[in-house]
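Hi everyone, thanks for coming. Let's look at a structure together and talk about its empty spaces and its aromatic rings.

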Amino acid sequence: MRKISVLLFLAWVGFLFYAGIALFTSGFLLTRLELTNHSSCQEPPGPGSLPWGSRGEPGACWMASRFSRLVLVLIDALRFDFAQPQLSHVSGEPPISLPFLGKLGFLQRILEIQPHHARLYQSKVDPPTTTMQRLKALTTGSLPTFIDAGSNFASYAIAEDNLVKQLTSTVDSGEWDVLITHFLGVDHCGHKHGPHHPEMAKKLSQMDQVIQGLVERLENDTLLVVTGDHGMTTSGNHGGDSELETSAALFLYSPTALFPSAPPEEPEVIPQISLVPTLALLLGLPIPFGNIGEVIAEVFSEVEDSQPHSSTLAQASALHLNAQQVSRFLHTYSTAAQDLQVKELHRLQNLFSKASADYQRLLQSPQGAEAALQTVITELQQFLRGVRAMCIESWARFSLVRMAGGAALLAATCFLCLLVSQWAASPGFYFRPLLIPMAWGLTGALVCAGLLATTGLKLDSVVLGAMAAVGSLLPFLWKAWASWGAKRPLAALLPMPGPVLLLLLIRFAGFFSDSFVIAEARAAPFLLISLILLLVAQLHWEGKLLPPKLLTIPRLGFLTPAGPPRHNGTHALGLGVGLLLCIRLAGLFHRCPEETPACSSSPWLSPLASMVGGRAKNVWYGACVGALAALLAAVRLWLRRYGNLKSPEPPVLFVRWGLPLMGLGTAAYWALASGADEAPPRLRALVAGASVMLPRAVAGLAASGLMLLLWRPVTVLVKAAAGAPRTRTVLTPFSGPPTSQADLDYVVPQIYRHMQEEFRGRLERTKSQGPLTVAAYQLGSVYSAAMVTALTLLAFPLLLLHAERISLVFLLLFLQSFLLLHLLAAGIPITTPGPFTVPWQAVSAWAFMATQTFYSTGHQPVFPAIHWHAAFVGVPEGHDFTWLSALLVGTNTFASHILFAVGCPLLLLWPFLCESQGPRKRRQPPGNEAEARVRPEEEEEPLMEMRLRDAPHHFNAALLQLGLKYLFVLGIQILACALAASILRRHLMVWKVFAPKFIFEAVGFIVSSVGLCLGIALVMRVDGAVSSWFRQLVLAQQKAGEQSSLVYTGAGSSAREAQSHLLPPCSQDLLASGTSLFYNSKS
């Protein structure tokens, strides 16, 4: 029941945080209102006469169609400079050689040979530069808001009126009218290799051949449009608002003359959404209802002027239709929503009314009004551009009530974590009060939500979730504060050391600075290093570098320590130096944010496939495989040192044989991925198939290992011997065989008494078979062994999702975690029988290390830095598993959060594990004080993690306390991001820095909280399995109906060394004793 209470309470706390995040997000990352209205030919966009070109023509819509067919070629991530020619060499300047320049040579030849038939534009893209949002803009002419970036995966439909819907509902000629192609190769090549790789030049050359083939087959009534949805950064990523990401190419071509003049030297820059109204009017379609784009005026000019001023009038007519449609949209939208600026809206409507009146007047007398028409065109363009600017600014308005409510809920939940974590550390803590107020609160909130739903009030799921959270949180806080918190001073609720609190406050305040957020990759290691130096100094100041008192019980017998101290000054100093070295080495793998152009990103973050030069690639491949082998060897050596590798259990067998297979599969995949482009043509299909199957095989092995670990988590060695005599421990004041007459005088009487008892037992024995002796080895590290095994199994699939050279960072991660755990264990005393606590400095250091590892694996809290190549690991080309791609990319991004959250229970277990580094005195049984005065203490095998089982109540309370502390440290980070985003919501960098940081922290918190619950659940599963193992053992002994004994050994001695402690014959009795702990059970 205690275990279930802990997990339920942590899950409830996670729900409170999720509700606060969702409520704040719904007020901060607002989506604009999507109207369901649709344009149609039967409903003109406004009053007045239709353009002169559509009057009297059968089938004409708002404007007579100029083209009957459209071929739209969408090349994903076609950056504008990809369509530029190779620059000619200028004398005196170094030549510019970029692989992608000049590869679309056919476009340049068309522009030179047929200047009146083709035009190249620089299409300016609105952020976010993700594919789904750009497709939405290219079909609706609207502005997708920031939060729509979350729908980049698993998005199949656009609800608003769009160009494709107009085509399907209006055009019905019986033949093909529109051909739309979407090529993903350039985008995939950018994610995998980057724009400067030779593969990009090859892919662009393929696209050039495709465009040439289309042009050769076009008919005169067909318009060809070649465009990119967005650009890409120098690393091949996209999603942000940098110049390279928002710059795309747009190419228009018609077999008939389309433009009245030759193209300018510098291509014109136009908004991307301008393509939507332009194509609609050229094809004789209604402009989509929600469009706010401006038509490209020059394509509506008359190339062969049969009438004076006809070109200018045609441009004015197209712009007026466009402005009428936009004015109608503004009127409808402002009626349904109140998020447009009223003053600016009124000014723009007045501007349109004046321009429309002038246009209608000029239609009556078009002759001799060239200057007046140009004025009207200018006014209409000012109106359309003003509307776009107003919408960009207005659709970033926020719901302050929801933002404040979400931040308040986050702050209250942080206080709850702080309060209950201190309550759980008190001796009088009990679990029942955790669930009762929570259950009543949730019940009341659900009843309230049901009443609101039945009465017809519409509440979205976010509000209902927030109501349930507040309804369950307030009663619990009231009861907890009244029963426990109010009885203590407020300072007792902040028990963390002052320096640790100062570091947390510095980190909290840093989220309010865009410079700190941008430079967090350097600030996080600095805070971690500061905390490590503080830990070493604290150990020195408190004298904990000397042998600590492991137990709070008086020592009997000799006062001189029997073994070396668990830690000394040199040891702790070495741990600190090793930690600093690992942090420094991990910092070499860094990605520079785009706001720091002087910084250069580490070249080791790119895949080996992007390297040019076989020798260097082979050297790096050898280093990566070496790091993988070192990681495997380190885990096996650790398990062997603590004896858990000797167990015959299925998880241990998997560690012996399954982990090497996973390592071989990973190394083979790296070899194929790095050399796939160099494979012979006959083997490329085989290589592609193996590149898909190997990651799946490694992931399948990891999943199998985790299932085996959950099934049989107790990794101990158990030996049973029938007929062995009843054991008796010989207590000696020395180590090893007797070396003097005094030693023999002390030992021989005990041996004699033992022989007498053994002889008497044999005479009285009536059964043919003797008692059962059971020896269990390595129970002292059973929890940590399961955790380390689980983390290793998780690390392999996560490693596959990263570039090969990140394996060096993973090796440093495991080494760094090992050193930090040992350093933290040096300052954590072990108290018996409890309560057990994990200091705040340990939890803070663990959270700081998770952040540091996030940056050391080449991540940044911005969308362009996402490792999109992870979406293709183990996935065949042309797949449609968008949810799987999203899962792979998310797992790659938050790999450090997963590992550190799952491994968080090691902070509690490791100090007990380090107890094996020093032998301890055996406790004398009560009533033997007289014998204890004359008999020196016997050294006993350290109980290690079995001390936690001696106090199960305190064990579960410590797990709860650890989870709440970790959630508190993560919670104040997401709270700081929320407050910074709300206070600085009008900051210049809000959408570039603060909003992405909040999104990454929110998703990282959700991932970490789930991983934390899974890690604690694994420890509880091991604890339950150990309890079940003991029960089965006792039942088996009771069924045997004989005297029996259980011998327990920790990790201080191996199974071979522990054989001497069974003490069957007299020859064994003279060997050294005191390294085993005996539990005797009689039937």
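I'll start with how to read the model and then turn to the rings and a cavity.

This is a predicted model, where local features need pLDDT of at least 70, side-chain atom pairs count only at pLDDT 80 or more, and totals for chains, interfaces and linings use all residues. Residues are numbered from 1 along each chain as its sequence is written, and side-chain values use heavy atoms, leaving out hydrogens and water.

Rings now. The structure holds 24 aromatic pairs (rings of Phe, Tyr and Trp, taking its six-membered ring, with centres within 6.5 Å; planes under 30 degrees apart are stacked, over 60 edge-to-face, the rest tilted). One of them joins Phe 818 and Trp 910: their ring centres are 6.1 Å apart and their planes at 85°, so this pair is edge-to-face. Phe 818 sits in helix 23 (residues 807-826) and Trp 910 in helix 27 (residues 906-913), so the pair ties together parts 92 residues apart in sequence. Helices here are DSSP runs of H or I, at least four residues, numbered from the N terminus.

Is each partner buried or exposed? Phe 818 is partly exposed, at 32% relative accessible area, while Trp 910 is buried at 3% (buried is under 20%, exposed over 50%, partly exposed in between, with a 1.4 Å probe and protein chains only). Both rings belong to one aromatic cluster with Trp 638 and Tyr 642.

Finally, a charge over a ring (NZ of Lys or CZ of Arg within 6 Å of the ring centre and within 35 degrees of the ring normal): Arg 805 lies over the face of Trp 620, 5.0 Å from the ring centre.

Methods: Helix = DSSP H or I, 4+ residues; strand = E, 2+ residues; numbered from the N terminus.
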